[in-house]
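Me: Please take a close look at one part of this model, namely the empty spaces and the elements that line them. I should like one connected account.

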Amino acid sequence: MSKVDFYKETFEDLGSDLYDFLLELGQEAEPFPTELKTSDTFVNGCQSQVWLAGYMHKNKLNFVGDSDSFMVRGIVFVVCDIVNNMDDPTSVSWETFKPIAKYFTTQRQRGMQAIINKIRHTKRP
């Protein structure tokens, strides 16, 4: 099962508890280093403040992010979890996330798109 399918199934099962799930993910996410909260890692286009950084792990480009909102931090976690399993996360497109995007408001979808755009334009460190 792909990560997208996993989250789609999870979101369907959660129903109205989805936002509680995202809040929990956001609260449990690994701390984002303060020194990485720079203009280079800032994600423009999100309603909340969001930072996203790429790093190399086992010769693969991975991502970690943060937000000033626990719920948005949960969404960032989900996006990173999905792309961190891809061979080339910089080739990701909005189409990849459509199956789960429908669970979010239009504003949250725009934020997801901004995060995806940031990932697409990230150069390997």
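Reply: The account below turns from the largest pocket to a strand pair, then to a helix pair and the largest cavity.

The model is a predicted one. Its largest pocket has a volume of about 190 Å³. Glu28, Ala29 and Glu30 belong to the lining of this pocket, as do Phe63, Val64 and Gly65, and the list is completed by Arg73, Val76, Phe77, Cys80, Asp81 and Asn84. By character, the lining residues of the pocket comprise six nonpolar, two polar and four charged. Strand S2 and helix H3, the latter spanning 70-83, each contribute at least two residues to this lining. H3 gives the most, with five residues.

The strand that takes part in the pocket lining belongs to a hairpin. S2 covers residues 60-67 and runs antiparallel to S1, residues 50-57, with eight bridges joining the two strands. Gly65, one of the residues that line the pocket, is the bridge partner of Leu52. Between the strands of this hairpin there are two residues, and Lys58 adopts a positive phi near 50° there.

The helix that gives the most to the pocket lining also has a helical partner. The axes of H3 and H5, the latter formed by residues 106-120, come within 11 Å and cross at roughly 45°. H3 is therefore oblique to H5. The crossing of these two helices is right-handed.

H3 and H5 lead to the enclosed space. In the whole structure, a search finds one cavity of 30 Å³ or more. The largest cavity holds about 90 Å³ of space. H3 and H5 are the elements that give two or more residues to its lining. H5 supplies the largest share, five residues. The lining of the largest cavity includes Cys46, Gln47, Ser48 and Val50, together with Val72 and Ile75, and also Gln107, Arg108, Gly111, Met112 and Ile115. These residues divide into six nonpolar, four polar and one charged.

Taken together, H3 links the two spaces in this description: H3 supplies five residues to the lining of the largest pocket, and H3 is also named with H5 among the contributors of two or more residues to the lining of the largest cavity. The pocket lining has four charged residues, whereas the cavity lining has one.

Key. Residues numbered from 1 in each chain as written. Predicted model: local features only at pLDDT ≥ 70, side-chain atom pairs only at ≥ 80, totals over all residues. Heavy atoms only, no water. Pairing = 2+ DSSP bridges. Helix = DSSP H or I, 4+ residues; strand = E, 2+ residues; numbered from the N terminus. 1 Å grid on protein atoms, 1.4 Å probe; cavity = no way out; pocket = protein on both sides within 12 Å on 5 of 7 lines; lining within 4 Å. Points joined across faces, edges and corners; volume = space filled by probe spheres on them. Nonpolar A, V, L, I, M, F, W, Y, C, P; charged D, E, K, R; others polar. Axes fitted to C-alpha atoms, helices over the stretch in contact; angles between N-to-C directions. Parallel < 35°, antiparallel > 145°, perpendicular 65-115°, else oblique. Left-handed = near helix turned anticlockwise from the far one by under 90°.
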